[in-house]
Amino acid sequence: MGLGEPLSFGQSGLFPFFSRSGKRGKDGLPFSLEKELKVRIKAVRKTYHRDLAIKYQKNLDLACEVKEGEEWISLDGEMPEGFCPSAWSNLSPFVFSLAHGAERLYGDWMKNPRSALVSCNDGFRPVSFLLEVVEREEDDEEK
């Protein structure tokens, strides 16, 4: 990318988590800064690598408090109240993209184009989260 060239958000671009659907918002980005959707965040799997924790972790009293099946709603791409800040650091780019209309994150790896499966960064107790766009209440009232 040379000086004066626009930033790329495509397949080899700076932000591979943005939409690969080919759709562009009014400002030319692969999402819309005007569109704000609700995104459901659901903990679908939690694992514990006991052997790694015993071998490498200093304080075994630390525990992830997320439970499988637990859900949160992100409004306008913001971190939901009570959500794990460490997990949010990994999920936030995906949530922001989905909340602003991006689809097919990382290509066609999800059956639902308006969803993503992303894990937190805890190497000892990783949690996999399903992110899905859900309709906003005011959208339902307008129909």
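Helices and strands here are DSSP runs, numbered from the N terminus. With that naming, Asp 122 sits in the loop between E3 and E4. The model is predicted. The walk below starts with the overall layout, moves through the sheet and the core, and returns to the loops.

The protein has 3 helices and 4 strands. Along the sequence they follow the pattern β-α-β-α-β-β-α. Of the 143 residues, 36% are buried. The exposed surface comes to about 9000 Å². Carbon and sulfur atoms supply 51% of that area. Contacts often reach far along the chain: among those with a separation of 6 or more, 62% join residues 24 or more positions apart.

Now the sheet. The 4 strands form an open sheet in the order E2-E1-E4-E3, and the pairing is antiparallel. E2 and E3 (115-119) stand at the edges. Each has a single partner strand, so one side of each is left without a neighbour in the sheet. From one strand to the next, the twist averages 25°.

Take the pairings in the order of the sheet. E1 (residues 38-46) and E2 (residues 71-75) run antiparallel, joined by 5 bridges. On the other side, 8 bridges join E1 to E4 (residues 127-134), again antiparallel. E3 and E4 are paired in the antiparallel sense over 5 bridges. Strands of a sheet pair through backbone hydrogen bonds, either parallel or antiparallel.

Single residues fix the register. Val 39 is a good place to start. Its bridge partner in E2 is Ser 74, and its partner in E4 is Val 133. Arg 45 stands opposite Ser 128 of E4. For the pairing of E3 with E4, look at Ser 115, whose bridge partner in E4 is Glu 132. Ala 116 stands opposite Leu 131 of E4.

What lies across the sheet? Helix H2 (residues 85-99) lies across E1, E2, E3 and E4. H2 runs at about 170° to E3.

How covered is E4? It is mostly covered, with 6 of its 8 residues buried. In soluble globular proteins, nonpolar side chains tend to be buried together. Here the largest nonpolar core has 23 residues. Those with the most contacts inside it are Ile 41, Phe 83, Leu 91, Phe 129 and Leu 131. E1, H2, E3 and E4 each supply at least two residues of this core. The largest share, 7 residues, comes from H2.

Ile 41 gives a view from inside the core. Leave aside its neighbours within four places in sequence, and its contacts include Phe 83, Leu 91, Phe 129 and Leu 131. Those four are also listed with Ile 41 among the residues with the most contacts inside the core. Ile 41 also touches Glu 70, Glu 71, Trp 72 and Ser 74. Pro 80, Trp 88, Val 95 and Leu 130 are further contacts of Ile 41.

The cysteines come next. How many disulfides does the structure hold? A search of the whole structure finds 0. Buried means under 20% relative accessible area, and exposed means over 50%. Cys 120 counts as buried because its relative accessibility is 12%. Cys 84, at 28%, counts as partly exposed.

The loops hold two backbone features to check. Asp 76 has a positive phi of about 60° although it is not a glycine. Asp 76 lies in the loop between E2 and H2. Its relative accessible area is 25%, so Asp 76 is partly exposed. Arg 104 also has a positive phi, near 50°, in a residue other than glycine. Arg 104 is found in the loop between H2 and E3. With a relative accessible area of 33%, Arg 104 is partly exposed.

Finally, return to Asp 122, in the loop between E3 and E4. At 23% relative accessibility, Asp 122 counts as partly exposed. Which residue is 58 places away from Asp 122 in sequence, yet 8.7 Å away in space? That residue is Cys 64, with the distance taken from C-alpha to C-alpha.

Conventions: Residues are numbered from 1 along each chain as its sequence is written. This is a predicted model: local features need pLDDT of at least 70, side-chain atom pairs count only at pLDDT 80 or more; totals for chains, interfaces and linings use all residues. Side-chain values use heavy atoms; hydrogens and water are left out. Two strands pair if DSSP finds at least two bridges between them. A disulfide is a pair of cysteine sulfur atoms within 2.5 Å. Buried means under 20% relative accessible area, exposed over 50%, partly exposed in between (1.4 Å probe, protein chains only). Axes are lines fitted to C-alpha atoms, for helices over the stretch in contact, and angles run from 0 to 180 degrees between N-to-C directions. Contact means heavy atoms within 4.5 Å. A nonpolar core is a set of buried Ala, Val, Leu, Ile, Met, Phe, Trp, Tyr and Cys residues joined through side-chain atoms within 4.5 Å. Accessible areas come from the Shrake-Rupley method with a 1.4 Å probe; for residues, only the protein chains shown count as cover.
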